[in-house]
Amino acid sequence: MPARADSPAAARTAIVIGAGAVGVSCALQMAKRGIKVTLIDRGPVGGGTSHGNAGAVLRAASPIAEPGIWRKVPSMLLDPMGPLTVRWRHLPALAPWLIRFLRESGAERFRANSDAIWQLGDQAPDAWRRQVRGTSAEELLRPVGWLKVYETEKAFEKAAIGRAVYADKGAAIETFTKDELRQLEPNLAPIFARGALHADALFARNPRRLVEICADAARDLGVEILEAEVADVSADDQKGRATLADGRVLAADRLVLAAGAWSKDLAARLGVTLPLDTERGYHLMFETPEKSLSRPVIWEEKSFVLCPMEHGLRMTSQVELAGLKAPPDYRRIESMIPMAQKMLPSLAESGAPWDRWLGFRPSLPDARPVVGPSPRAKAALFAFGHQHYGLSLAARTGEVIADLAAGERPAIDLGALSPARWA
């Protein structure tokens, strides 16, 4: 599409800060447009949150702040096996975010937030297929869906609001009885009354390797990847600049901020204050049992997922609200191992977990990512805040950022995702 009259000229060069799934996708998509890109991260490609997630590529649309969630939060916090943990020392800093989060749970706000996420989520699996076409990453994306299981009919009915969101948008949700679940996943324990499958979801069997392959494809198109600390950023309507810890200053026509949970301070340096906080998530890795699963399965009442990765069985669990600096606490997820063995009895044969991990999901109270130009400087583009849907929405976000960098109008309503909504 043609450039808008108020858009900067098409970029010839770009800097991307952040080499996770979103940042790599932005770099690769811009490189496909002929833009010369420098990708910067203080760690290795895919070494952050992209390393340890559950591998879901969903047609995402459902915010966490659903109607009535305020009633559930106290019981979640009091349940030692519940899905939510708060480090109480972090509560004073977190309180403004939590208040805004609860405000987003009204029916009207929930629908608006869902519609905003869906702008990226509708094409999420197709965007990933486009991004990896012709690479070895194609075999990593399996069209097996994303399965939720419920121990009781009551729990299944309570989750109806989430299924209705997707049904209203035309997403493929298939439901299963207890007997049908046994046919779909015969190695699950026969304790689940119902199941719901996001049938059009993809499963990335190794999310980090998926990101690494995309980074290799970007290198082949001329993208330079630097492992370096970014000390400062600045931008105006013509140029963006990144100052590295070693004193080097890089400049380009566009500066793309895709640093996930670490984006808040850098955005503030660009003149934009956002209520970005961190949902911390944990995983354990086990040897793959002989009788395993064919797709990711989430036990909804217990809020953990078992994922049959190519290098082992991954258990991901919970949301911990404790910021970026608190040390990991693996006690909660390790205490849930017996429940995982109850769900998949053969897991007891796998022994102790051989890996433990903590990752950081960048989240805003309305669950919408921040995607689009800075209201303070047209040369700065934001691409972060994807919360639980970072992997799902990464490729589609990259396409949108590439459109903007090329001076073209993306086929979405950028206002719904703009950082200006928090001004």
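Hi everyone, this is a short tour of two cavities and three buried residues in one predicted model.

A little housekeeping before we start. Because the model is predicted, local features need pLDDT of at least 70 and side-chain atom pairs count only at pLDDT 80 or more, while totals for chains, interfaces and linings use all residues. Residues are numbered from 1 along each chain as its sequence is written, and side-chain values use heavy atoms, with hydrogens and water left out.

Let's begin with the empty space. There are 2 cavities of 30 Å³ or more in the structure. By cavity I mean a set of points, on a 1 Å grid over the protein atoms alone, where a 1.4 Å probe fits but cannot get out; lining residues have an atom within 4 Å of a point. Points are joined across faces, edges and corners, and the volume is the space filled by probe spheres set on them.

The largest cavity holds about 60 Å³. It has 14 lining residues, and I64, F101, L364, P365 and A367 are the closest to its centre. By class, that lining has 8 nonpolar, 3 polar and 3 charged residues. Here Ala, Val, Leu, Ile, Met, Phe, Trp, Tyr, Cys and Pro are nonpolar, Asp, Glu, Lys and Arg are charged, and the others, Gly among them, are polar.

The second largest cavity holds about 50 Å³. Its lining is K178, L181, R182, E185, L188, A189, P190, I191 and F192, which divides into 6 nonpolar, no polar and 3 charged.

Now for the residues. Where does E399 lie? It is in helix α13, residues 390-405 (a DSSP run of H or I, at least four residues; strands are E, at least two; both numbered from the N terminus). E399 counts as buried because its relative accessibility is 12%, and the cut-off is under 20% relative accessible area with a 1.4 Å probe, protein chains only. Beyond four places in sequence, E399 contacts Q29, R33, A127 and R130, where contact means heavy atoms within 4.5 Å.

Next comes L381, in strand β21 (residues 380-384). L381 is buried too, at 2% relative accessibility. Its contacts beyond four places in sequence include R254, L255, I401 and L404.

Last up is N53, in the loop between β2 (36-41) and β3 (56-57). At 18%, N53 is buried as well. A polar atom of its side chain lies 2.8 Å from the backbone nitrogen of G55, and one lies 3.5 Å from the backbone oxygen of S50. Farther along the sequence, N53 touches P207, M309, R314, T316, W357 and L391.

Key
1 Å grid on protein atoms, 1.4 Å probe; cavity = no way out; pocket = protein on both sides within 12 Å on 5 of 7 lines; lining within 4 Å. Buried < 20%, exposed > 50% of the residue type's maximum accessible area, 1.4 Å probe, protein only. Polar contact = N/O pair within 3.5 Å; in protein donor to acceptor, adjacent residues only side chain to side chain.
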